[in-house]
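Thanks for making time this morning. I would like to walk you through one model, and I ask that you keep the sequence and the structure open while I talk.

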Amino acid sequence: MVRVLAGRARAGHRHTGGRRLRRRRTRASAALLLASGASFGLLLVAPGPARAGSNLVVNPGFESVRADGEPTCWEKSGWGDNDFAVTTSDQAHSGGKALSVTVTRRVDGDRKALMLEDTSCAPVVSPSHQYDLSLWYKSTTPDASITAFRHDVKTGWQYWTDLKSLPAEDGYTRAQVRTPVVPPGTDQITWGVSVYGKGTVTTDDYDMEDATQPAPGAACTAGDACTKGSWEVMPFRNPVRSMHSVVLHNGKVLLVAGSGNDPDLFKAGTFTSAVYDPRTGGMKTIPTPVDMFCAGHVQLSDGRVLIMSGNKAYPAADGSHGYEGFKDSYIFDPASESYTKTNDMNEGHWYPSATLLGNGDVISFGGLKEDSTGSVTAEKFSQAQGKWLPRTEVNQTWSYWGLYPSMVLMQDGRLFYSGSHVFGNGTPGTGASVYDYDANTVTDVPGLQDKDHRDQSMSVLLPPAQDQRVLTMGGGNVSSNPEAGRLTDLIDLKQPSPRYVPGPLLPQGTVDQGQGKKPETGAQGKMYVSAVLMPDGKVLETGGGLHDRADPVYEASMFNPATNAFQPGMATDPIPRTYHSSAFLLPDGRVMAVGDNPGNGTFDDHVSIYTPPYLYHGARPQITSVAADKWQYASTQRVTVDRPVVRAELIRPAAVTHSSDPNQRFVDLPMTVGADGTTLDLNVTSNPNMAPPGWYMLFAVDAAGVPSVAKWVHLGGPDAMAAPMVHGFATGMTEKAKPPEKPHASHAVPPQIAGCDRHYGAENVCVPTVFPQSVAATAQARCSWLKGHGYGKLKVNGRDDPLGLDPDHNGWACDGGR
């Protein structure tokens with residue numbers, strides 16, 4: 001054992017001073033136990049043996065093999081001056097295969113058979129839990145041990161500990177050991193056998209079960225996490241005030257702040273972005289050329305990110321202008337992690353939409369122009385030409401769609417405006433509509449409930465995209481500032497004349513209105529909703545607030561499109577997630593959440609990760625091979641998996657901001673299953689409007705709803721669009737199609753459109769123009785509300801005091817002890 005501790009645990013990672021390390025680790029473990037006992041409770045009573053739990057080991061008997069003949073999810077590793085062989089053996093304990101490690105000459109070091117250190121193969125663990133490990137082995141050497149490594153979310157993979165020495169045994173013997181308490185910040189572990197003396201160790205039938213909360217006969221032993229999932233707040237902070245989150249096709253995440261709603265950074269010309277790598281925990285800040293705060297963004301068909309417009313100016317304190325957008329547009333390249341300027345748009349668009357079309361073009365609507373008025377100009381980015389087209393080459397309806405209008409691509413190429421938007425009332429009429437670009441007409445869609453209170457609601461095209469159903473949930477109104485609502489609406493765009501119908505009410509949680517968390521009551525719901533398409537075909541909704549930039553709601557639920565019902569009571573993010581927050585799916589099937597920017601101007605830089613219930617229900621299926629990662633429409637693509645699955649799908653990576661990601665979609669891949677049960681021929685849609693070209697995450701899901709880790713595949717572009725299958729849905733709409741309006745320059749927008757009274761405080765501080773209805777219209781009540789919500793000293797900008805917060809007229813609001 002000491003010889004392993006004194007050597008490298010993995011190639012390139014040396015541990016020195018074996019006895020010193022052993023003593024240090026013993027002291028550290030004791031300290032961890034003492035420190036963790038008070039925090040986690042579970043250490044106060046030693047858990048009993050795990051019984052009937054879920055085996056978390058992928059390919060525990062080595063029966064599944066890769067194309068190179070090596071066992072799926074296992075690897076050879078080690079270090080030092082020695083001769084060795086790691087081979088598959090037919091001397092199995094059960095089944096037909098086992099794994100042997102043989103060392104024939106050794107000066108130093110060791111050789112190991114270990115689970116692969118990646119998200120696809122390494123078992124997921126929970127901090128503060130302990131796990132029972134076991135394997136069957138036979139050995140001709142006493143110099144062997146069970147060794148474990150852990151993945152720290154901040155620093156990556158690292159040696160953890162040697163758990164148990166393995167005496168020499170002539171016949172198969174079961175070795176069992178319990179891990180120490182999993183340290184904070186650990187999300188996965190790997191383990192296996194190290195051989196550090198001459199001889200052979202043959203192993204088979206590995207098992208790993210959660211020993212913390214044993215549940216006899218249950219398929220899951222992780223307690224509440226089995227049904228609710230769990231959140232972990234990462235031990236590192238977001239280095240930028242990110243309002244925009246984009247999952248890149250290399251698995252990293254682009255977090256864009258620009259000035260981050262910080263006027264001092266804006267004045268200094270300090271604009272920031274960061275790239276986060278979930279596999280290593282690394283954060284890299286990226287030089288950012290302009291203030292991309294509240295820009296639009298979309299992933300192009302080649303995997304680069306198109307970012308359009310941003311913040312030209314913050315509102316003036318005298319009310320002469322509001323936020324202003326600029327014309328600039330940039331492309332972020334994940335390979336070089338840098339920005340390149342494109343040609344300009346035709347005009348500024350602060351808070352624009354961005355929808356990828358089936359031919360790879362991008363269309364954009366809405367936002368604020370350079371002069372703070374509303375843009376009525378549609379913009380189109382040509383994939384073929386790599387530029388924004390002149391206004392005269394783009395069909396124009398001269399409609400004002402508002403800010404961040406949610407425009408969802410339909411299967412026939414039309415756009416469905418769902419009614420989700422930002423800041424104030426919905427569009428005139430029914431609040432939702434279908435836009436036919438080719439005909440250049442807008443047709444209202446009826447049924448959206450309370451259309452003027454869907455500000456910062458969220459809409460998603462439900463899984464699978466082939467069903468053409470959209471769910472819109474929650475919302476409020478920053479202008480009138482009522483309590484946000486619980487309403488949801490469903491629409492089936494396959495119907496001849498589609499209309500919204502009421503969906504189930506959003507589940508309620510607790511809300512903190514400045515006096516601590518209290519249960520929601522009555523019609524209280526939330527705005528600033530995040531909704532994430534999950535690999536098991538459900539939708540996670542999380543985060544939100546009760547009022548404009550205030551009063552976080554702690555609630556999460558899972559919507560099941562198959563039943564049109566929410567599963568309430570999911571684990572809740574302990575960090576408030578209201579204005580300028582995002583939640584999005586990672587390729588490993590977890591969900592990441594960032595951001596919170598309440599009205600007092602602060603920004604929460606904590607990062608949270610949600611582990612869904614399906615990751616607590618046994619080992620994950622593995623996509624063991626993908627014949628090609630470049631896919632064409634109307635093609636059949638062969639993949640292999642390590643065991644039978646019931647579903648495969650493509651999920652488009654997120655590009656989300658302000659409760660808006662209209663390009664998020666889940667595309668089903670009907671399959672033909674080979675005689676072996678693990679060879680799948682996946683049928684790709686012929687319709688690029690169903691799955692616009694670009695990079696997708698490919699998931700395989702077993703009968704228990706447990707997904708694989710995603711493989712990245714690229715779906716082909718315009719060269720593969722022969723004979724797409726387009727259905728005649730929504731062709732009998734009863735509402736009258738509206739022709740274009742008369743050409744005009746802009747739509748009038750008040751400077752206080754953001755719901756903030758700029759007479760008070762700095763530009764990034766949002767004193768509400770209308771206080772919540774529960775706040776009396778007195779200086780005392782309003783100042784008490786501001787104090788309870790963390791507003792500091794507020795300078796009165798100018799002579800006007802419209803909210804009556806400075807009755808002594810000394811130029812400072814709420815400074816008289818009221």
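Counting aromatic pairs in this predicted model, we arrive at 30 of them. A cluster emerges when the ring pairs are followed from residue to residue, and its members are Phe266, Phe271, Phe293, Tyr314, Tyr323, Trp350, Tyr351, Tyr404 and Phe423.

Aromatic rings also meet charged groups here, and I can show you two cases. In one of them the charged end of Arg111 is placed over the ring of Phe84, at 4.2 Å from the ring centre. In the other, Lys793 lies over the face of Trp812, and the distance to the ring centre is 4.7 Å.

That brings me to charge pairs in general. Side chains of opposite charge can pair when their charged atoms come close. How many salt bridges does a search of the whole structure find? The search returns 31, and I will go through a few of them.

Please look at Asp68 and Arg66, whose side chains form a salt bridge with an N to O distance of 3.5 Å; Arg66 has a relative accessibility of 24%, so this residue counts as partly exposed. Lys76 and Glu70 also form a salt bridge, with their closest N and O atoms 3.5 Å apart. Lys76 is partly exposed at 42% relative accessibility, and Glu70 is likewise classed as partly exposed, at 22%.

The next pair is Arg105 with Asp83, where the closest N and O atoms are 2.9 Å apart. Because Arg105 belongs to strand β5 (residues 98-106) and Asp83 to strand β4 (residues 82-89), this salt bridge ties together parts that are 22 residues apart in sequence. Arg105 is partly exposed at 33% relative accessibility, and Asp83 is partly exposed at 34%. The pair does not stand alone, as salt bridges with shared partners join Asp81, Asp83 and Arg105 into one network.

Let me turn to the backbone, where three places deserve a look. The peptide bond from Pro463 to Pro464 is cis, with omega near -15°, and Pro464 is located in the loop between β32 (458-461) and β33 (469-473). Ser128, although not a glycine, has a positive phi of about 85°; this serine lies in the loop between β6 (110-115) and β7 (131-139). Is Ser128 buried or exposed? With a relative accessible area of 7%, Ser128 is buried. Asp450 is another residue other than glycine with a positive phi, in this case near 50°, and it is found in the loop between β31 (441-444) and β32. At 41% relative accessibility, Asp450 counts as partly exposed.

As for annotation, an unreviewed UniProt entry lists residues 272-600 as "domain: Glyoxal oxidase N-terminal". In the model, that span is 0% helix and 34% strand, and the C-alpha atoms at its two ends lie 21 Å apart.

Finally, a word on confidence. The chain has a mean pLDDT of 90, and 92% of its residues reach 70 or more. Where does pLDDT stay under 50? One such stretch is residues 1-52, for which the model has 91 contacts beyond four places in sequence, and another is residues 213-218, with 17 contacts of that kind.

Methods: Residues numbered from 1 in each chain as written. Predicted model: local features only at pLDDT ≥ 70, side-chain atom pairs only at ≥ 80, totals over all residues. Heavy atoms only, no water. UniProt positions renumbered as here; feature names shortened; annotations may be inferred. Helix = DSSP H or I, 4+ residues; strand = E, 2+ residues; numbered from the N terminus. Salt bridge = Lys/Arg side-chain N within 4 Å of Asp/Glu carboxyl O. Buried < 20%, exposed > 50% of the residue type's maximum accessible area, 1.4 Å probe, protein only. pLDDT = per-residue confidence, 0-100. Contact = heavy atoms within 4.5 Å. Phe/Tyr/Trp six-rings, centres within 6.5 Å; stacked < 30°, edge-to-face > 60°. Lys NZ or Arg CZ within 6 Å of the ring centre and 35° of its normal.
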